[in-house]
Amino acid sequence: MSLHSLKKNKKQFFLAVFLLFSLNISCIQAQDKINNTTKVAYHFDFSNRVHHEAKVTLSIPKVPKEEFLKLRMSRSSAGRYALHEFAKNVYSVNAFDAKGNKLEVTRVSPYQWNVMKPTDNMKVEYTLFADYADGTYSGINTIQAHLNAPATYLLVDNFYNENFDKDASIRRAKENRSAKTIQVTFSLPQNNNFQDKNTDKWTVATQLPQINDSTFSAPNYYYLLDSPVLIGNLFWSEWKEDNQNFRVALNKTGTETTDQEANEFVENIKKIVREEIALFDEAPTFDYGTYTFLLNYQPTAHGDGMEHRNSTIITESEKLDFQHLFTVAHEFIHAWNIERLRPQSLEPFDFSSTNMSSELWFGEGFTTYYTYVVMRRAGLVDDALFADLMNGQLNYVLNSPGHNFHSPAQMSQQAAFADAATANDPLSHHNTFISYYPYGAVIGLALDMEMRKRFDKGLDEYMQAMWKQFGKPEKPYTMADLQNMLYEVTKDKEFSEQFFKKHILGHELPNYNELLATVAIDNQLNQKGKMWFGKLGLDIIDEDKKDSKKAVISNYMLFDSPFYNAGLEKGDILISINDKMITSINDYREVIPTLEEGKKATVTFERFGKKHVVEVLPTQIPYRSLVYLNADNTNSKQIEERTKWLSTKQK
């Protein structure tokens, strides 16, 4: 039922229901009686939220007949591909038997604890510190409880495998969604001091099925770990599309966002939802009939977006802004592509380790491509902005040397070292890595143009075919399946084999100048005839507070760029170019227009206290712009194809 279609009295009734749901619950006795099928129940106490802590209690009615109970934290998170040691923020782990006697707890690894001689009806308590609200981590304070599941729940490892069907291809089909194997209760804080204004209006948003106002359930650990939770003074909106329910739960506390602005934002989300349903020709069947947008736009959040099976959680430290819609569009496409249309390499997702896939160019990259296409089709961006957005993706990929080292499939395998991974030592990614997001996006653009040019079909038909054969029945696909489906859609086996051989498994970049002509777009050099030395950053340093200044190269040189080939590198001091002293960024900028094609420049630099003089051959500045052609300089068929490409697909 759409909130916007309700009469005034019905709106008041609905608001009253939400306020009733937000009544304060102060202690664990408010939790529903644990169902006899429940194997573990979690209770969250946010009393110390001002210091970013939650006290979590696990109730375990029946323990396995084993010498010890194994407890562990996840090391990975759904939608992420690198290791994240969530155990670092869990402490004060204690266990008690049914009579309250303390049991021995031993930490056997950085992320595992063993409870010796466990008993039925035992409890485990731990403290969670959380102060980083984004798609991967958790954040707790006086305006929110933002909980990413793997960063939050201490798992009873003895139950983990039996609640995590190893055969992922049939797990979702056979899973009993009515089961309450796991229960979670949140004690909502009371408005009892200066820190907690409006906490009496806190409500809970999550894709977990609801038992009562503050208690939720999960059929197994896999679903629990895929289910983020957002608690706060939330703005709510609901509607229905394609016989599925949609909800927006927005935390805008601490910003100047008005309810009117929030409603306008929701209306734009509806446009995105409708256009993406049209793209795949149907909405997914959500497990509990509802998809929830968890939007946490408040000052302590960190910009991010993360897909989940029946929800997405999106974070930003600013008030509502048009730019946030791009993240909404991207994450909702994942409800099809990556959540249900899923590579075999990620099935089952391992929460205890890294997860490597060769297909992220498709799962993440094609999703990125359609993020921009959908925004254009929905009328949320115009032709000019769409061209700028796609132009940015193309310039990044085409001018990055990484394609000399890794194919899109191999770039996907690098996610463990790139996807929010951290390291103290520098990486060679400036030369060897191209993010599979834009790399896949421009490959999607090329395939779309190739199909339109050769077969009078587009990438839409390919995505719909993949959805129907693999996504809807939730049959994980392989790289071979992706190639075979291209053959089935185009009926051209040689084309499908060559496209994958050259552009997916190989390093060859498509000819975008030729392909974009299919839709009456020219990919033009925007500084034709102008030379440079390659991408360069300079730090201007005052030496010992003297008048002299040094220009220190601050970035690694890109492979095969003029300075790279001449032997310059990060940390070198740039002294002069063609006898012009370089003591400021403006000095360097003044030199660039004087460079001539085919004529070497004399460059003097210092390294480790010694001066060097080299000759450097500048090259054409490679950046391009996408320019729409009109009827005067192209044929009408190409313009018609562009209109067909970027027009709404809603029926």
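Two strands count as paired if DSSP finds at least two bridges between them, and helices (H or I, at least four residues) and strands (E, at least two) are DSSP runs numbered from the N terminus. With these terms, β27 and β28 form a hairpin with two residues between them, and F608 in the turn has a positive phi of about 50 degrees.

The structure described here is a predicted model, in which local features need pLDDT of at least 70 and side-chain atom pairs count only at pLDDT 80 or more, while totals for chains, interfaces and linings use all residues. Residues are numbered from 1 along each chain as its sequence is written, and side-chain values use heavy atoms, with hydrogens and water left out.

## The chain as a whole

The protein chain has 18 helices and 30 strands. Of its 651 residues, 55% count as buried, where buried means under 20% relative accessible area, exposed over 50%, and partly exposed in between (1.4 Å probe, protein chains only). The accessible surface of the protein chain comes to about 28100 Å², of which 48% belongs to carbon and sulfur atoms; such areas come from the Shrake-Rupley method with a 1.4 Å probe, and for residues only the protein chains shown count as cover. Among contacts (heavy atoms within 4.5 Å) between residues at least 6 apart in sequence, 71% join residues at least 24 apart.

## Strands and sheets

Strand β27 (residues 601-607) has five of its seven residues buried, so this strand is largely enclosed by the rest of the structure. Seven bridges join β27 to the antiparallel strand β28 (residues 610-616), and R607 has K610 in β28 as its bridge partner. Strand β25 (residues 573-577) also pairs with β27 in the antiparallel sense, over four bridges, and I573 has E606 in β27 as its bridge partner.

Elsewhere, an open sheet of four strands has the order β6-β7-β3-β11, with antiparallel pairing. Strands β6 (105-109) and β11 (155-156) stand at the edges, each with a single partner strand, so one side of each is left without a neighbour in the sheet. The partner of β11 is strand β3 (residues 68-72), paired in the antiparallel sense over two bridges, and R72 stands opposite L155 in β11.

## Nonpolar cores and helix α18

A nonpolar core is a set of buried Ala, Val, Leu, Ile, Met, Phe, Trp, Tyr and Cys residues joined through side-chain atoms within 4.5 Å. The largest has 94 residues, and those with the most contacts inside it are I269, F293, F362, Y369, Y462 and W645. The largest share of this core, eleven residues, comes from α11. Apart from it lies another core of 55 residues, among them F86, V156, L188 and W202.

W645 belongs to helix α18 (residues 636-646), where Q638, E641, R642 and L646 are buried as well. Seen down the axis of α18, the buried residues fall within an arc of 115 degrees, so they line one face of the helix; the arc is that of the directions from the helix axis to the C-beta atoms. These buried residues pack against α7 (360-377), α8 (383-398), α11 (436-455), β21 (521-525) and β30 (624-628), whereas the face turned away from the buried side carries the exposed residues S636, K637 and E640. At the N-terminal end, N635 caps α18, with a side-chain oxygen 3.1 Å from the backbone nitrogen of K637.

## Buried polar residues in loops

Three loop residues make polar contacts, defined as pairs of N or O atoms within 3.5 Å; within protein, one atom must be able to donate a hydrogen and the other to accept it, and residues adjacent in sequence count only if both atoms are side-chain atoms.

| Residue | Relative accessible area | Partner of the side chain | Distance |
|---|---|---|---|
| D419 | 4% | backbone nitrogen of Y81 | 2.9 Å |
| S138 | 5% | backbone nitrogen of N148 | 3.0 Å |
| T518 | 12% | backbone oxygen of L515 | 2.8 Å |

D419 lies in the loop between α9 (408-413) and α10 (429-432), S138 in the loop between β8 (122-129) and β9 (139-141), and T518 in the loop between α15 (512-515) and β21. Leaving aside neighbours within four places in sequence, T518 is in contact with M449, R452, K453, Q638 and E641. T518 and K637 are 119 residues apart in sequence and 8.7 Å apart in space, C-alpha to C-alpha.
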